[in-house]
Amino acid sequence: MADLQTFIDHLTEANTVMNLVGPDSLPDVWNRHIWDSAQLLEMKPEATTWADLGAGAGFPGLVLAILLKDRPDSHVWLIDSLGKRCRFLQEVVDVLSLRATVINGRAEEQKVRVDVVTARAVAPMERLLAYAQPYLQRGAQGLFLKGEKAEAELIEARKVWQFDSDLSVSRSDPRGRIVSVRSLRRAR
């Protein structure tokens with residue numbers, strides 16, 4: 001809990017100079033961001049390696065790295081294309097001594113092999129699957145935090161992609177959805 005609070009303190013301070021999260025969401029940071037991120041670990045508790053695409057403010061990646069901190073076999077890759085967000089992520093990783101690597105680059109160009117690939121508020125499902133494709137092809141399962149339009153996004157994505165998926169209601173907000181994806185390939 002102390003590490004999560006330290007992360008929130010850093011986020012709150014950094015958010016005054018760069019837009020990491022909407023300022024209206026900070027008063028409800030525990031439910032809106034922390035619990036929303038943490039619920040992914042309950043869905044895949046045996047997973048030790050995670051890649052967070054478009055890691056931004058660290059949701060869900062930093063939360064997962066904090067919760068996995070005591071597992072010596074764990075590692076989280078925090079991947080973002082914007083340097084200033086990567087500097088923020090690296091600062092939190094260093095302060096909390098997390099088992100995490102920050103990568104400043106395009107998600108789809110990375111060669112890491114993980115158990116789970118995740119993303120939150122990155123892109124519509126069709127584009128997000130393109131970013132996640134290399135990870136899914138290397139055996140990862142996708143766990144993507146989406147909003148109330150998840151079903152519509154899946155319909156659009158199926159015009160371009162073939163995949164197996166499950167849709168779960170978010171435990172932090174009944175309007176949110178968690179999309180679990182496996183077996184991704186381009187539609188013919």
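A residue is called buried when its relative accessible area is under 20%, exposed when that area is over 50%, and partly exposed in between, with a 1.4 Å probe and protein chains only as cover. The structure above is a predicted model, in which local features need pLDDT of at least 70 and side-chain atom pairs count only at pLDDT 80 or more, while totals for chains, interfaces and linings use all residues. Residues are numbered from 1 along each chain as its sequence is written, and side-chain values use heavy atoms, with hydrogens and water left out.

A good place to begin is the interior. A nonpolar core here is a set of buried Ala, Val, Leu, Ile, Met, Phe, Trp, Tyr and Cys residues joined through side-chain atoms within 4.5 Å, and the largest such core has 40 residues, of which F7, L11, W50, L62, L78 and F88 have the most contacts inside it. At least two residues of this core come from each of α1, α2 (29-43), α3 (61-67), β2 (75-80), α4, β3 (100-104) and β5 (141-146), where helices (H or I, at least four residues) and strands (E, at least two) are DSSP runs numbered from the N terminus. Helix α4 gives the largest share of the core, 6 residues. In soluble globular proteins, nonpolar side chains tend to be buried together.

Helix α4 also takes part in a feature of the surface. The residues D9, E13, E91 and D94 form a negative surface patch, a term for residues with over 30% relative accessible area and no salt bridge whose like charges are joined within 9 Å. Two elements, α1 (2-14) and α4 (83-96), each give two or more residues to this negative patch, and D94 is one of the residues that lie in helix α4.

From charges without a partner the path leads to paired ones. A salt bridge is a side-chain nitrogen of Lys or Arg within 4 Å of a carboxyl oxygen of Asp or Glu, and a search of the whole structure finds 13 of them. In one of these, R85 pairs with D80, and their closest N and O atoms are 2.9 Å apart; R85 is partly exposed at 26% relative accessible area, whereas D80, at 2%, is buried. Another salt bridge joins E153 and K146, with the closest N and O atoms 2.8 Å apart; here E153 is partly exposed at 22%, while K146 counts as buried at 14%. A further pair is E109 and R106, whose side chains meet at 3.8 Å, N to O, and R106 is partly exposed with a relative accessible area of 43%. R106 and E109 also belong, together with E108, to a network of salt bridges.

The backbone has some particular points as well. Between F59 and P60 the peptide bond is cis, with omega about 5°, and P60 lies in the loop between β1 (49-53) and α3. S97, a residue other than glycine, has a positive phi near 50°; S97 is found in the loop between α4 and β3 and is exposed, with a relative accessible area of 55%. S183, which is not a glycine either, has a positive phi of about 55°; S183 lies in strand β7 (residues 177-186) and counts as partly exposed at 40% relative accessibility.

How values were computed: Patch = residues over 30% accessible without salt bridge, like charges linked within 9 Å, V, L, I, M, F, W, Y side chains within 5 Å. Areas by Shrake-Rupley, 256 points an atom, 1.4 Å probe, with all protein chains shown as cover. Lys, Arg positive; Asp, Glu negative; His and termini not counted. Charge placed at Lys NZ, Arg CZ, Asp CG, Glu CD.
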